[in-house]
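This report describes the salt bridges, one buried strand and a charged surface region of a single protein chain. The sequence and the structure are shown first.

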Amino acid sequence: MNVKPLFQLISVFVSVSPLVQSFSPPLQPWKVNGLRQGRATLVSLRASMLQEDNIRVLVEEAKERASKVSLKMNEDEEVGRSSFTTPRLPLPFFNTDDFGLTGRWRRVGGSFVLEPPQGVRSKAIVHFLGGAFVGAAPHLSYKYMLEEMSSKGLVVVTTPFELEFNYVDVCAKLLRRSEEAVEEVRGKFPSLPVHAVGHSCGALLQMILSTMFAEEWKRDSLVLVSWNNKPAKDSIPQLEELVMPFSKMIVDPNPQAEEMRNGFLDLVKQTDDIVKSFASSPLSPLAVEREVLPLIRQGSKIVQQIPDLIERIADGTNEFTPYPPDLNDFLQSSYSIRKTLIVSFSDDTLDESDIVERMLRTNEKRGVCRVRLDGSHITPITQDLFPPTPFDSFDPLLPVRRKTRENLLQQVTVLNKEILKFLSE
């Protein structure tokens, strides 16, 4: 039974808690008492077994599945596209094509690209991957952070992804979705280095791509922000006690469950009809249809991925692949990027940067830098709630707004400065 439309509404409520606690996949802190020779040998053997027996097969199968994924954007998600023929009021405001919300972002293949503004010299290319859930719309979730990077001379490529229990599948799809955009910016800026930046789950995926897909995913350096790799039971609250029984109950074919699903389906359809009705109304500016509505639908990707996860949990899936402790061993043995920045925040209970730092420092050839900043796990998705407007010169509260904005963006601004400093060294 197809229950995805039902969960589009449920997901809004379900995602409130996991959105903060499950930005990323998820190992209870891996305790390492020094780099004893016996432990180092065991790690090497386990990683070797994982590579020889599983990794090659996992990667090839994942690539095969990814080759069947469509990169075509749904027509109702394309900014600038008109689906309605209703004339607007004959006033300038109502015939405005956009409100400037999209900015300079361009969709290229399955990714989004943002080049530096006119007059700013391009210094490097950055390929960014966001955290779980919010990584499904990174150009929106990380809008301020990425646009600030671009304003400083970085060519930003960011590729959306939907969280799955199989990390290798996620990476294979990321590779395919990013090919066109990466090829374009490499061709346009052939002399620029290409760096990888990832937040939380995106940081883990960057490491997997740099090892299991090393031939295709060549990067000059890697920035790991709030890295973690926890087992599912530690990353999804109450997985065994609540989430799994709930998932099985909600997809059960009994009459009560079906009645509940149908009720939600009707509500979801009515909600979508209301939004479309407003966008097509003569009293709605054209920009609502051509820009606002597509952006809302792009952002809805954040919650639309949850139904798939619930269905998989209901089918019995309860752990990530590869298993996090084994994956850590493999990454420790196989990671070959020579220049890595690890960033952690003072108030982040999900962070496992200490673990990944110990893993990487087992090889002296790896240049590892570690930075600890004030902030939390959600600092990178801080949004600019007080952007400049054409009416600023008439606003008596402008000094107050500017100070509030400065305080709000202080931590993410410091994060960007550390990243830019590292990439310029």
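## Salt bridges

Asp354, Glu357, Arg361, Arg370 and Arg372 are joined to one another by a network of salt bridges. The model in which this network appears is a predicted one. One contact between members of the network is the salt bridge of glutamate 357 with arginine 361, with 2.9 Å from N to O. Glutamate 357 counts as buried because its relative accessibility is 14%, and the cut-off for buried is under 20%. Arginine 361, with a relative accessible area of 43%, is partly exposed.

In total, the chain has 15 salt bridges. In general, side chains of opposite charge can pair when their charged atoms come close. Three of the pairs are listed below with their N to O distances.

| Acidic residue | Basic residue | N to O distance |
|---|---|---|
| glutamate 162 | arginine 177 | 3.1 Å |
| glutamate 357 | arginine 361 | 2.9 Å |
| aspartate 384 | arginine 405 | 2.8 Å |

What does the salt bridge between arginine 177 and glutamate 162 tie together? Arginine 177 belongs to helix H6 (residues 167-188), whereas glutamate 162 sits in the loop between E4 and H6, so the pair ties together parts that are 15 residues apart in sequence. The two partners fall into separate classes of accessibility: arginine 177 is buried at 14% relative accessibility, and glutamate 162 is partly exposed at 28%.

The side chains of aspartate 384 and arginine 405 also meet in a salt bridge, at 2.8 Å from N to O. This pair links distant parts of the chain, 21 residues apart: aspartate 384 is in the loop between strand E8 (367-376) and H16, and arginine 405 is in helix H16. Arginine 405 has a relative accessible area of 26% and is therefore partly exposed.

## Strand E4 and its partners

The protein chain contains 16 helices and eight strands. Strand E4, which spans residues 154-158, is mostly covered, with five of its five residues buried. Are the faces of E4 covered or open? Both are covered: Leu154, Val156 and Thr158 are buried on one side, and Val155 and Val157 are buried on the other.

E4 pairs with strand E2 (residues 111-114) in the antiparallel sense, over three bridges. Strand E3 (residues 124-129) runs parallel to E4 and is joined to E4 by five bridges. Valine 156 in E4 is a point of reference for both pairings: leucine 114 stands opposite valine 156, and valine 126 also stands opposite valine 156.

## Surface and overall burial

Which residues gather in a patch of positive charge on the surface? They are Arg121, Lys123, Lys152 and Lys417. Of these, lysine 417 is located in helix H16 (residues 398-424), the helix that also holds arginine 405. Lysine 417 counts as exposed because its relative accessibility is 57%, and the cut-off for exposed is over 50%.

For the chain as a whole, 50% of the 425 residues count as buried. The accessible surface amounts to about 20,800 Å², and 55% of that area belongs to carbon and sulfur atoms.

Conventions:
Residues are numbered from 1 along each chain as its sequence is written. This is a predicted model: local features need pLDDT of at least 70, side-chain atom pairs count only at pLDDT 80 or more; totals for chains, interfaces and linings use all residues. Side-chain values use heavy atoms; hydrogens and water are left out. Patches are made of residues with over 30% relative accessible area and no salt bridge: like charges are joined within 9 Å, nonpolar side chains (Val, Leu, Ile, Met, Phe, Trp, Tyr) within 5 Å. Accessible areas come from the Shrake-Rupley method with a 1.4 Å probe; for residues, only the protein chains shown count as cover. A salt bridge is a side-chain nitrogen of Lys or Arg within 4 Å of a carboxyl oxygen of Asp or Glu. Lys and Arg count as positive and Asp and Glu as negative; His and the chain ends are not counted. The place of a charge is taken as NZ of Lys, CZ of Arg, CG of Asp or CD of Glu. Helices (H or I, at least four residues) and strands (E, at least two) are DSSP runs, numbered from the N terminus. Buried means under 20% relative accessible area, exposed over 50%, partly exposed in between (1.4 Å probe, protein chains only). Two strands pair if DSSP finds at least two bridges between them.
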